[in-house]
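Subject: Structure for you to look at

Dear colleague,

Please find the structure below, together with its sequence. My notes on what was found in it follow directly after.

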Amino acid sequence: MPYLHPDGRGNRQKGVLPAMECERAEKLIQAYVRDRMPEKEMEEFIAHVRSCPACYDELETYFIINHAARYLDNDETASYNLKGLLEEDLKEKERSVRRKRHRNVFFSVLIFLLTVMLILFTMHYLNFIELPWLKGLF
Ligand SMILES: [Zn+2]
């Protein structure tokens, strides 16, 4: 019997339409738990489970099952708070998504600035324009 989300419609009635559908999120739960999540899906997935208690519960269940065995074996201190562990894991992945996006923006800006500088230097060097702050350097 397929798992039905009790609040699958609730979200929509409240006007909070999740960007990702539950069906898609459910498929990604396995990927998340096994650390095989496609990077571009991560952010939307996290946003979905945060706004959808049904998917969050399901993710939590799989997460705990997946991690319980591991932690019960070799790390007793971590096993007492598996729910907190999922929260930590979600936060860490959110941070890494955000870091990556910041880095991309940073490099785009940097490359843009370098290109502009290069054009300015070249034009100055070829005497097309006069850059007062470069006088004497070239
Ligand atoms: Zn959902």
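I begin with one pair of helices in this predicted model: H3 and H6 are oblique to each other, because the axes of H3 (residues 39-51) and H6 (residues 82-125) cross at roughly 135°, and an angle between 115 and 145 degrees counts as oblique. Those axes come within 10 Å, and H3 passes H6 in a left-handed crossing. On the H3 side the residues that meet H6 are Met 42, Glu 43 and Ile 46, and their partners in H6 are Leu 90, Lys 93, Glu 94 and Val 97. Sorted by class, this contact has four nonpolar and three charged residues, with no polar ones.

The largest nonpolar core has 13 residues, of which Ala 25, Phe 45, Val 49, Cys 55 and Leu 59 touch the most other members. Two or more residues of this core come from each of H2 (22-33), H3 and H4 (53-74), and H2 gives the most, with five residues. Leu 59, once its neighbours within four places in sequence are left aside, is in contact with Ile 29, Tyr 32 and Val 49.

As for the protein chain as a whole, there are six helices and zero strands, so that the pattern read along the sequence is α-α-α-α-α-α. Of the 138 residues in the protein chain, 10% are buried. Among contacts between residues at least 6 apart in sequence, 55% join residues at least 24 apart.

With best regards

Note on methods:
Residues numbered from 1 in each chain as written. Predicted model: local features only at pLDDT ≥ 70, side-chain atom pairs only at ≥ 80, totals over all residues. Axes fitted to C-alpha atoms, helices over the stretch in contact; angles between N-to-C directions. Helix = DSSP H or I, 4+ residues; strand = E, 2+ residues; numbered from the N terminus. Parallel < 35°, antiparallel > 145°, perpendicular 65-115°, else oblique. Left-handed = near helix turned anticlockwise from the far one by under 90°. Contact = placed C-beta atoms within 7 Å. Nonpolar A, V, L, I, M, F, W, Y, C, P; charged D, E, K, R; others polar. Core = buried A, V, L, I, M, F, W, Y, C linked by C-beta atoms within 7 Å. Buried ≥ 20, exposed ≤ 12 C-beta atoms within 10 Å, placed from the backbone.
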